[in-house]
Amino acid sequence: MTTNTTATEATADTATDITTDPSTDTPLAREHAPRLQWAEFAPEVYKAMVRLDAAARKGVDPVLLELVKIRASQLNHCAFCLDMHTKDAFAAGESVERIVQLSAWEESRHFYTEKELAALALTEAVTVLTDGFVPDEVYETAARHFDEAELAQLIAAITVINAWNRFGVTCRLVAGHYTAGQYK
């Protein structure tokens, strides 16, 4: 991870200036400015999303929840959510290896439990609906590892992170400024 050595506040009209990576003194690309601080202009929607997120996480193992959120965020290319949930996963005690391997979890199955693998497969199926639907095999595998209440909560959590990702990607929210647990 790199740390900014010089930064100015990002506004809608400017991007943050980042001079160098302090570990190598190599110039870094400029940080883009967010397109829109959507929560500021739709505060009731934001508050509803926060309540929905809190309701969806109930009963879901916190480490599993972060793995699911990271994987969905990888698939949706949401840098803001990747930054947030990776930091939260580390704070929850998750290992570097398991987070690094998430993008290739199918080839790195030995890093995860069967229950986690079922959750990751379900996360991908729910997130990538362009394939048409959630395959029966994926759903049935998840149903073998989670009771109905747990499965319902997991599906809710996957759905909620996908919604957050859409806000983050559409508004180009900027990664790198989140502190673990900041929004909990």
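This is a guided tour of the structure, stop by stop, with a suggestion of what to select at each one.

**The whole chain**

Begin with the whole chain in a cartoon view, keeping in mind that this is a predicted model. The chain has eight helices and two strands, and if you follow it along the sequence you will meet them in the pattern β-β-α-α-α-α-α-α-α-α. Colouring by burial would show that, of the 184 residues of the chain, 38% count as buried. As for contacts between residues with a separation of 6 or more, 61% of them in this chain are made by residues 24 or more positions apart.

**The largest nonpolar core**

Next, select Trp38, Phe80, Cys81 and Trp164, which are the residues with the most contacts inside the largest nonpolar core, a group of 17 residues. To see where this core draws its residues from, colour helix 2, helix 3, helix 4 (79–91) and helix 8, since these are the elements that give two or more residues to this core. Helix 8 gives the most, with four residues.

A separate stop is worth making at a second core, which has twelve residues, among them Ala119, Leu122, Leu151 and Ile158.

**Two cysteines**

Return now to Cys81 and show its surroundings: leaving aside residues up to four places away in sequence, Cys81 touches Ser73, Ile161, Trp164 and Asn165. Cys81 is buried, with a relative accessible area of 4%, and Cys78, which you should select alongside, is also buried, with a relative accessible area of 1%.

Why is there no bond between the sulfur of Cys81 and that of Cys78? The sulfur of Cys81 is 3.4 Å from the closest cysteine sulfur, in Cys78, and this is too far for a bond, because a disulfide needs the two sulfur atoms to be within 2.5 Å. Across the structure, the count of disulfides comes to zero.

**The cavity**

For the next stop, switch on a display of internal cavities; the structure holds one cavity of 30 Å³ or more, and the largest cavity has a volume of about 30 Å³. Which residues line the largest cavity? Select Asp53, Ala56, Arg57, Leu65, Lys69, Ala157, Val160 and Ile161, and you will have its lining. The elements that give two or more residues to this lining are helix 2 (43–57), helix 3 (62–76) and helix 8 (148–170). By kind, the lining of the largest cavity divides into five nonpolar residues, no polar ones and three charged ones. Ile161, one of the lining residues, is also among the residues that Cys81 touches, so keeping both selections on screen links this stop with the previous one.

**Two residues with a positive phi**

The last stops concern the backbone. Most residues other than glycine have a negative phi. Select His77, in the loop between helix 3 and helix 4: His77 has a positive phi of about 60° although it is not a glycine. Is His77 buried or exposed? At 66% relative accessibility, His77 counts as exposed.

Then move to Arg172, in the segment after helix 8, where a positive phi of about 55° is again found in a residue that is not a glycine. Arg172 is partly exposed, with a relative accessible area of 34%, and with this residue the tour comes to its end.

Methods:
Residues are numbered from 1 along each chain as its sequence is written. This is a predicted model: local features need pLDDT of at least 70, side-chain atom pairs count only at pLDDT 80 or more; totals for chains, interfaces and linings use all residues. Side-chain values use heavy atoms; hydrogens and water are left out. On a 1 Å grid over the protein atoms alone, a cavity is a set of points where a 1.4 Å probe fits but cannot get out, and a pocket is an open set with protein on both sides within 12 Å along at least five of seven lines; lining residues have an atom within 4 Å of a point. Grid points are joined across faces, edges and corners, and a volume is the space filled by probe spheres set on the points. Ala, Val, Leu, Ile, Met, Phe, Trp, Tyr, Cys and Pro count as nonpolar, Asp, Glu, Lys and Arg as charged, and the others, Gly among them, as polar. A nonpolar core is a set of buried Ala, Val, Leu, Ile, Met, Phe, Trp, Tyr and Cys residues joined through side-chain atoms within 4.5 Å. Buried means under 20% relative accessible area, exposed over 50%, partly exposed in between (1.4 Å probe, protein chains only). Contact means heavy atoms within 4.5 Å.
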